[in-house]
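Hi everyone, thanks for making time for this. I'd like to walk you through one protein this morning, going strand by strand through a single sheet and then stepping back. Let me put it on the screen.

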Amino acid sequence: MAITYAQIEHPRISPAATLIQKIGLSEVRIEYSRPGVRGRKIMGELIPYGRIWRVGANESTKIYFSDTVKIEGYDVPPGIYALYAIPDRLEWTIIIHKNTSHWGDERTNYNPQEDALRFTIKPETVPYFTETFTIELLDITHQSASLSWRWETTLIKFDIKFDTHKKMLQEIEVKINSNPTADTYYEAARYFQEEEVFPERSRAYLIKAQQLTGDKYYIHRIWALVEGQLGNYKEAIQHAQLSKELAAKEGKDEFVRMNEKSIQSWSEKVGLKK
């Protein structure tokens, strides 16, 4: 008679985590393990200075970019990388590494020639305590984000830039020239307005959108903001007022409030009473 053994699955003391973040039109995914302080001295002891660290626990931390990104002025092609660091008291070396097959720090097998990028950064000492090692993507815009990690009272933070604007211009060009709809024109205008570029093109696209679909609260809201960017405050007020009235009819209270605030601001600029 065969004897079978039931294997017990233990919870990891440094549990695995996955961070997935959309930034502009790109995606960043980070897979890492999260050790805890658990009463230990971390920096300089558990993590010795001057020695490579996997930026987490267990297998090496992985970071994936769906598109080329720029870090510290250098292009990093799309793909998956291992994330390492060499801590020191006054300066850390951050490493984006091409070889993702290493387990842990792999101090004996690590080859600097396989680095995609190395740069240095100054650590920050923060006035709060982080028990569980945490990686975050913060300060997110269409074009950039800050990658940070914190543990104990140490914070590391650096910027990653994305060429979302180039991709958006290409996308808009294709869609505008291939049977565009009212939504095509509106979305293109909205992107330009949010990025504060090409206000005249935004206005032209909004005119097209209005011609195709009629007066909509969201079209006149963006139109008002575009006129505001151009310094045409009286026209901005007119579009904001129409947007407010259309939004009220559809129960869009948030747009009513946003338009009221804009009307007040622009009225002050042209010396009018609301």
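Let's begin with one residue pair: Ile96 has Leu117 as its bridge partner in β8. Before I go on, please keep in mind that this is a predicted model.

So what joins β7 to strand β8, residues 115–121? Six bridges do, and the two strands run antiparallel. On the other side of the story we have strand β6, residues 79–86, which is joined to β7 by five bridges, again antiparallel. Ile96 turns up here too, as the bridge partner of Leu83. If you follow the chain from β6 to β7, you trace a hairpin with five residues between the strands.

Now let's look at β7 itself, residues 92–97. Is this strand mostly covered or mostly open? It is mostly covered, with six of its six residues buried. Look at how the side chains are arranged: Trp92, Ile94 and Ile96 point one way, while Thr93, Ile95 and His97 point the other way. Both sets are buried.

Let's widen the view to the sheet. A quick reminder for anyone who lives mostly in force fields: strands of a sheet pair through backbone hydrogen bonds, either parallel or antiparallel. In which order do the six strands of this open sheet come? The order is β1-β2-β3-β6-β7-β8, with antiparallel pairing. The edges are β1, residues 16–23, and β8, each of which pairs on one side only. On average, neighbouring strands in this sheet are turned by 20° against each other, ignoring direction.

Further along the sheet, strand β2, residues 26–33, pairs with strand β3, residues 61–65, over four bridges in the antiparallel sense. There, Ile30 stands opposite Ile63 of β3.

Finally, the whole protein. Its secondary structure comes to six helices and ten strands. Why call it more spread out than a compact globule? Because its radius of gyration is 26 Å, well over the 19 Å that the globule rule gives for 274 residues. Along the principal axes, the C-alpha atoms fill a box of roughly 75 × 50 × 45 Å.

A few totals for those of you who like numbers. Of the 274 residues, 41% count as buried. The accessible surface is about 15400 Å², and 49% of that belongs to carbon and sulfur atoms. Among contacts between residues at least 6 apart in sequence, 53% join residues at least 24 apart.

That's my tour, and I'm happy to rotate the view for anyone.

Note on methods. Residues are numbered from 1 along each chain as its sequence is written. This is a predicted model: local features need pLDDT of at least 70, side-chain atom pairs count only at pLDDT 80 or more; totals for chains, interfaces and linings use all residues. Side-chain values use heavy atoms; hydrogens and water are left out. Buried means under 20% relative accessible area, exposed over 50%, partly exposed in between (1.4 Å probe, protein chains only). Two strands pair if DSSP finds at least two bridges between them. Axes are lines fitted to C-alpha atoms, for helices over the stretch in contact, and angles run from 0 to 180 degrees between N-to-C directions. The radius of gyration is taken over C-alpha atoms; the globule rule is 2.2 Å times the number of residues to the power 0.38. Contact means heavy atoms within 4.5 Å. Accessible areas come from the Shrake-Rupley method with a 1.4 Å probe; for residues, only the protein chains shown count as cover.
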